[in-house]
Amino acid sequence: MRDGTQSGDQGGPSTQSIKRMEGTWTESQVPESERLAMPPDKRVSLAILQGSDAGRIFPIEKPVFTIGRLEADATLNDSEVSRHHAQVELKGEVILLRDLKSTNGTYVNEQRITAVPIEHQSEFRVGSTTLMLIVTDAHQ
């Protein structure tokens with residue numbers, strides 16, 4: 001529900017208005033700016049653990065962060081990484097890793113993924129590069 005009201009709530013909208021609200025919005029119709037958002041009071045980064053860029057850290061400062069070999073937010077020096085390989089999507093507290101139909105795939109626990117939620121200290125691989133998601137309190 002857009003207003004957070006459950007159909008069983010007392011004092012909430014009438015059943016008729018709930019049905020109208022449910023019929024009005026599908027996920028594809030909700031403006032992207034309302035679906036994607038940085039997590040409140042958190043700092044999010046990607047650390048390169050293995051590969052030619054080992055030791056680099058990329059701060060994630062926007063809700064859609066791309067990983068690739070060219071024209072990406074995290075540009076990697078890895079010939080096995082596609083130009084636009086994967087992206088990290090932030091939806092408040094939920095962080096999603098999505099493969100962008102890359103040639104060599106995106107792997108979590110050595111399982112090829114299409115899209116999967118990840119969390120603090122999750123490791124994943126693109127090409128021959130291993131990355132780790134780091135989420136810390138913004139006030140540290």
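# Lysine 42, buried aspartates and a ring

Me: What's the relative accessible area of lysine 42?
Reply: Lysine 42 has 31%, so it counts as partly exposed. Buried is under 20% relative accessible area, exposed over 50%, partly exposed in between (1.4 Å probe, protein chains only). This is a predicted model, where local features need pLDDT of at least 70, side-chain atom pairs need 80 or more, and totals for chains, interfaces and linings use all residues. Numbering starts from 1 along each chain as its sequence is written, and side-chain values use heavy atoms, without hydrogens or water.

Me: OK, which side chain does lysine 42 meet in a salt bridge?
Reply: Aspartate 137, at 2.9 Å from N to O. The rule wants a side-chain nitrogen of Lys or Arg within 4 Å of a carboxyl oxygen of Asp or Glu.

Me: Where do those two sit?
Reply: Lysine 42 is in strand S1 (residues 42-50) and aspartate 137 is in strand S11 (residues 129-137), so their bridge ties together parts 95 residues apart in sequence. Aspartate 137 is partly exposed, at 36% relative accessibility. Helices (H or I, at least four residues) and strands (E, at least two) are DSSP runs, numbered from the N terminus.

Me: How many salt bridges are there?
Reply: Five. Another of them joins lysine 62 and aspartate 73, at 2.9 Å from N to O. Lysine 62 is in the loop between strands S2 (57-60) and S3 (64-68), and aspartate 73 in the loop between S3 and S4 (74-75), so that pair ties together parts eleven residues apart in sequence. Arginine 56 also bridges to aspartate 53, with the closest N and O atoms 3.4 Å apart.

Me: Aspartate 53 and arginine 56, buried or partly exposed?
Reply: One of each: aspartate 53 is buried at 8%, while arginine 56 is partly exposed at 38%.

Me: What about aspartate 99, how far off is the nearest opposite charge?
Reply: Arginine 112 is the nearest side chain of opposite charge, 5.0 Å away, and buried aspartate 99 has no salt bridge. For charges, Lys and Arg are positive, Asp and Glu negative; His and chain ends aren't counted.

Me: So which side chain does aspartate 99 have a polar contact with?
Reply: Serine 102, at 2.6 Å. A polar contact is two N or O atoms within 3.5 Å, one able to donate a hydrogen and the other to accept it; residues adjacent in sequence count only if both atoms are side-chain atoms. Aspartate 99 lies in strand S6 (residues 94-99). Beyond four places in sequence, aspartate 99 contacts (heavy atoms within 4.5 Å) His85, Ala86, Gly105, Thr106, Ile113 and Thr114.

Me: Switching to serine 122, where is that one?
Reply: In the loop between strands S9 (115-118) and S10 (123-126). Serine 122 is buried, at 15%. Its side chain reaches the backbone oxygen of glutamate 119 at 2.8 Å. Leaving out residues up to four places away, serine 122 touches Leu131, Met132 and Leu133.

Me: What lies over the face of tyrosine 107?
Reply: Arginine 125, at 4.4 Å from the ring centre. The test is NZ of Lys or CZ of Arg within 6 Å of that centre and within 35 degrees of the ring normal.

Me: Last one: how many helices and strands overall?
Reply: Two helices and eleven strands, running α-α-β-β-β-β-β-β-β-β-β-β-β along the sequence. Of the 140 residues, 37% count as buried.
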